[in-house]
Each structure stands twice: as structure tokens, then as C-alpha cells.
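Trainee: Please take one part of this model and look at it closely, then work outward from there to the rest. A plain account will do.

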Amino acid sequence: MDSVAQRLSAVGAGAALELRGVTRLFGALAALTDVTITVRPGERRAVLGSNGAGKTTLFNCITGDFPPSSGTIRFFGEDVTHFPPYERIRRGLRRTYQISALFPGLTVQDNVYLACRGVSRGRFSFLRPGQNDALMHAADNLVQAVHLFAVKDQRVAELAHGQQRQLEIALALAGAPRFVLFDEPAAGLSPTERAELIEILTSLPAHIGYIIIEHDMDVALRVVESVTMMHNGRIFKEGLPQEIQSDPEVQELYLGGGHE
Amino acid sequence: MSLAHDAQLTVGRATKAQRPARTWPEINNPAAWAVAAILLIMPLIASGFFLIEIFATTLILGTMALSLMFLAGYGGMVSLMQLTIAGFSAYMVAVFGVSGNANISLGWPWWLAVPMALALATAFGTLGGALAVRTEGIYTIMITLAIGAAFYYFTNQNWAIFNGHTGINNVATPHFWGVNWRADIPFYYVVLAVAALCYFAVEYLSRAPFGLALQGVRDNPRRMAALGFNVNAHRVAAYAFASFVAALAGVLQVWNYRQISPGSVSVGACIDVLIIAVVGGITRPIGPFIGALIFVLLRTFALDFLVRLGLDGNRFRLLIGLGFLAIVFWSSDGVIGLWQRWRQHQRREVSRSGGGRGHG
């Protein structure tokens, strides 16, 4: 825990992400009810909960894919509640999707290049990138970091599932991320790929915090220092991983409830 | 491996590896060089009729369909108003320039009238695009078709600017440096130059950030927003570019026929552009030109062909329709798709026979 405390104090005080009373309605259905969360810069947190607990809706509200029905969202102190998604992304927020949201008609390299281009200038540039284009180099390095260099010129539609999940993560790490939302990054991965995922997550630079939705406790509890438990669209419990794991209410609700 | 740290540290180590040059369209195909050479020396081979009625017309229609291919193939937006934008541009050349209808035409020289027409038609198409991007799929088709139909009926009924159903006749064409640029051979080269420029612009743009981002918008608009792109702004910009291409084709069209009337901007003609693009294939910029060649050949010769069979020559559209059905049925990506599959099949055959010998 010492290293965690050191890391967090090095990043500084204040909140990376601050949700106050966030509610999201779909018609009469409340997918999120009065959710209040504060996450410090550099903090790594897991969000647990059964299907329909509101985990992905929480992500959609934070990124603006679906704006909240009420409540406020602050990102590094700035009120982004009414910002379109791309404005939040340009401020350093990133996300991955539970079901890979890639560009199947483009190559791996082009997918990552688009991610790098999206958070820098020249999105409308009519000029092709040259041999020494800085963003092309950044994309190359990102492709290497997620072990996809060998297939970088293949179209994404031709990739295996595990490779698509890795690309999904690469897209979220382009540019200078300050906070990342990982939506079940380990879904459908083999044990080897899970180990690689854990390595990628734990070796992220200290200033990058994240929230991870993950059903696999082995993955989730190894890469976070705090846990938020959700149930029926509300925050149910918050605490350290050990506390949550040993909490009898949580066990009854989630861990004991037919979890694989 | 630490991602962001290494991203800074390893620049240059892994990435100096060879990468195909992305700076210019890939012109390494011998067939492309052959086609280019034939197009350049065409006036030596073809008569005036073939030069203008077949090849120049093909290139003009192909450029209009190219603007649709850009929107549909790269952007996933099927716009039926590309011919309307070209027609608007053609009308503006006639209205601002010199024509037989002196009470309407302002009499500007061509070098003023043409930029004016291009600017207005691009603005017109961009506005239409700004409406259309609020919708997806079939609703985009409906909105753009509605714009095309509205423009057609408006030109029919407006006499002050569009001269109603008679249209504007005897539109002047450029004469300068002692050359009549509407004479067959100079005009062919003007059309060829504009079509080639548009073709290479689209080809080049497909690998530039703007074009790549457009293909990203086509594949997954929601993810594009989650990567920092303003998706609607990108779509509107794509309409602006495509409108400019269509507007260029419109200028060439009014110079070609020296007149413009509502018949040229009818709903049927709007759909012809879609047929041309789909028959040729909307996955690559060469597709619309192949489609246009097939369309023009059928339109020109099907009549004689049908008469020779003892059928009504006016049924040539039946042939076009049957051809359209056949191609869409056999190949969802047009003639280009057929060609690519044939090439892949050939390659497989070669590798299979090669492998067989290896074993024997």
C-alpha cells in the first residue's frame, strides 16, 4: 500500500472525476439513480455489480455517449455535464467498449492512427502523413505495446477476438490520457491474454487513473486499489478490495450469486 | 512494457522499419499506366463522335458519380442529390455567364461565372448535407431525394432565374489563347484533366487524415466521437468536398450540351447517378468511371441493338435495368467487385497448381 500512497500523493490532490447525484432514465426505467462518486487523479478503481446494475450506463454518462438526465459530472474540476463526447475525450478522458467498437474496414495501423489523430490537431487535414510523421510513430509504438505489430497492416475484420480486444485498449491509450474507463477488457480473453492485459494495466504511467468494469475477480482485484459495488443503478458499497471481498452483504449479492 | 513511457522513448527504434510511402497515390499498376496512355492519345484513335459522345460524356458522368462514391463508399452516406448539385452549378454558369437568353444571363466572362457557380453549388450541397447528416441510412436517401425533386420542380416553375421548362440555351463556352475550348479535341482534354484531377484527389484523400476519419465515421460513428472526432462536422465537410466535385462536373456538362433545362436535373437523372456508381462499384474511385462507361455505351448503342432485334428502341432503359439487376445480384460491390474476385480466384488457382507441383 505504501507504493500506492506514494503514487497518489505524487499526482496531487483534487478529483479526476467527480459525479454528483447523476441519474439516467430510459423512459420510466432508472438505469442510474443518484450516483455520487469521487475518483482522485491516478486512482485505479473497479466497479462491480451484476448485469443491469448500471455499470456501463455509468460509463456512458461519464463519456457523454448518453448524457445524464440530472446531476453534474466534473472532469479535473471542469463541469463537462453538457459537453459532447469528443470535447471530453480531447480533455484526456478515454474509454473502451464491452463489445469491441473498432473500424473493421481499416487496418490495425489506421485504427490506431485515427485514435492518435482524434486527440490532436489536423483532424480535417487533406495532406497524407509523411515518412516522419510524429503521429504515425506514436501509432506504431502503441501497436507494438499491445503486441499487434505483426498484424498492423491487416484489416481489423480479419483479426482474432483477443487481438481485437487488445486493439480496443490501444485506441483508448492514444495521445495523453489522464483517465480511462475500461469496460470489461478481459471479456473472452484466454488465460495468456489475461496475463498480458494485467501487465498492460499495471504498467500504465502513475498519473493515469482508471475505472475498470470486470467480472473476473482475479483480474479486477489485482489491478485496482479501491472498489465500488453497484446494485440496481445505485452505489451499494465502496471500499478497499479486501473489505469488499469479505463483506457478507456483497458476497450474498454478487460473489455468492452464481458467479463463475 | 509501459505504454506511454515507451511511446516517447522508443520513437525511432521500432518505427524506422520500412513502410510503403503514403505520400502519393499508388501508381504501380501497369494496367493503370496503359489506361492513362490510351486516354491521353484518344484523339488520335477516336472520331469526334466517340471522343465527345462516348468518352467525354463518360468522364463527366463518372465525375458526378465519383462524388457519390466518395460520400457512400468512404462516408457511408448515400446522397441522391449529387446530380442536383451538378445541375445547380450548370444553371449558375448559364445564369451568370453568357447565353442565348439575354434577359436572364448576366453576361459575366466565364472566368468569373465559373468560380461563382462552383462556390454557390458547393454552398448549396453543403447546406443540403448539413440537413442530411442529422439522419442515417434510408432517411439520408429520402432527404437528398427530396432536395433533388424539389429542385427539379422549382426549375420547371421558376421563370425569373431558371427560365421554366425551356431552360437556358446557347450557353457560351470559353474561347481564349486563340483556342475554342469547346471544339472536340480541346474539350476532351479539358474534361480529361478535370476528371483525372478529381479522381486523384479522391484517391489521395482516402489515405489522408480527413479521408481516413471519414471511413472511421462510416464504420463506427460512436467510436469516432469517443476518439475525439466531431462526427457531424466531418460528415458536413465530406458533403462540401463531394459538392465541389459534382459542381465541377456540372460546369463541364453545361459546356458539353451548351444548354441546361429541367430535364437534365430530373429525379430519373438523379437515380441514374446512383445506378452508375453502384454498377461500377463504390469501394474504389475507379468504379464510378467504369459504371459511367457501361451506362453511356448502353444508352448510346442499346437503341440500335434493340431495333435490330425488332424491338422498340426506346426500351433501352430495360437493358440498363436488367444489367443493373444482374450486377447487383451477382456482386454487391459492382463490376470492381467482380473483377477483384476473378483476380483472387486466378491467384488461388496459380498458387494451388504451384503447390501441387511442389508436392509431386
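Mentor: Take helix α5(B), which is mostly covered: 15 of its 15 residues are buried. Bear in mind that the model is predicted. The helix spans residues 82–96 of chain B, and the distance from its first C-alpha to its last is 21 Å, close to the 21 Å expected for 15 residues at 1.5 Å a residue. For the chain around it, the corresponding figure is lower: of the 360 residues in chain B, 44% are buried. Chain B is built from 15 helices and two strands. Among its contacts with a separation of 6 or more, 74% join residues that are 24 or more positions apart.

From chain B, go to its partner. The contact between the two chains involves 42 residues of chain A and 34 residues of chain B. On the chain A side, α3, α4 (108–118) and α5 of chain A each give two or more residues. Of these elements, α5(A) has the largest share, with seven residues. By residue class, the side of chain A that touches chain B holds 24 nonpolar, 10 polar and eight charged residues. Note that α5(A) and the buried helix α5(B) are separate elements that share a number; α5(A) runs over 134–145.

Following α5(A) leads to a backbone detail. The loop between α5 and α6 (161–172) of chain A contains A:His147. A:His147 is not a glycine, yet its phi is positive, at about 60°. A:His147 counts as partly exposed because it has 16 C-beta neighbours inside 10 Å. A second residue of this kind is A:Glu184, with a positive phi of about 45° although it is not a glycine. A:Glu184 sits in the loop between β7 (179–183) and α7 of chain A. Here the neighbour count is 21 C-beta atoms inside 10 Å, so A:Glu184 counts as buried.

Next, the division of chain A itself. The domain assignment gives domain 1 as 1–92 + 177–260 and domain 2 as 102–175. Between the C-alpha centres of domain 1 and domain 2 of chain A there are 25 Å. Contact between the two domains is made by 11 residues of domain 1 and 11 residues of domain 2. On the domain 1 side, α3 (85–90) and α7 (191–202) of chain A each supply at least two residues. Helix α7(A) gives the most, with three residues. That side of domain 1 divides into six nonpolar, two polar and three charged residues. Helix α3(A) thus appears in two places, as one of the elements that touch domain 2 and as one of those that give residues to the side facing chain B.

The strands of chain A form two open sheets to consider. One has four strands in the order β2-β1-β4-β5, with antiparallel pairing. Its edges are β2 (29–39) and β5 (78–79) of chain A; each has a single partner strand, so one side of each has no neighbour in the sheet. Further in, strands β1 (residues 17–26) and β4 (residues 70–75) of chain A run antiparallel and are joined by five bridges. In that pairing, A:Leu17 has A:Phe75 in β4(A) as its bridge partner. Helix α2 (residues 55–63) of chain A packs on this sheet and touches β1, β2 and β4 of chain A, with its direction at about 65° to that of β2(A).

The other sheet has six strands, in the order β6-β7-β8-β3-β9-β10 of chain A, and its pairing is mixed. Strands β6 (93–95) and β10 (234–239) of chain A are at its edges, each pairing on one side only. From one strand to the next the twist averages 20°. Within this sheet, β3 (residues 44–48) and β9 (residues 226–231) of chain A run parallel and share four bridges. Across that pair, A:Arg45 stands opposite A:Ser226 in β9(A).

Helix α2(A) comes up again at this point. It lies across β3, β6, β7, β8 (209–213) and β9 of chain A, and runs at about 150° to β7(A). So read, α2(A) has contacts with strands of the four-strand sheet and with strands of the six-strand sheet.

Terms used. Residues are numbered from 1 along each chain as its sequence is written. Chains are lettered from A and ligands numbered from 1 in the order in which they are written. This is a predicted model: local features need pLDDT of at least 70, side-chain atom pairs count only at pLDDT 80 or more; totals for chains, interfaces and linings use all residues. Domain bounds come from an automatic or database domain assignment. Two residues are in contact if their C-beta atoms, placed from the backbone, lie within 7 Å. Ala, Val, Leu, Ile, Met, Phe, Trp, Tyr, Cys and Pro count as nonpolar, Asp, Glu, Lys and Arg as charged, and the others, Gly among them, as polar. The expected span of a helix is 1.5 Å times one less than its number of residues. A residue is buried if 20 or more other C-beta atoms lie within 10 Å of its own, exposed if 12 or fewer, and partly exposed in between; C-beta atoms are placed from the backbone. Two strands pair if DSSP finds at least two bridges between them. Axes are lines fitted to C-alpha atoms, for helices over the stretch in contact, and angles run from 0 to 180 degrees between N-to-C directions.
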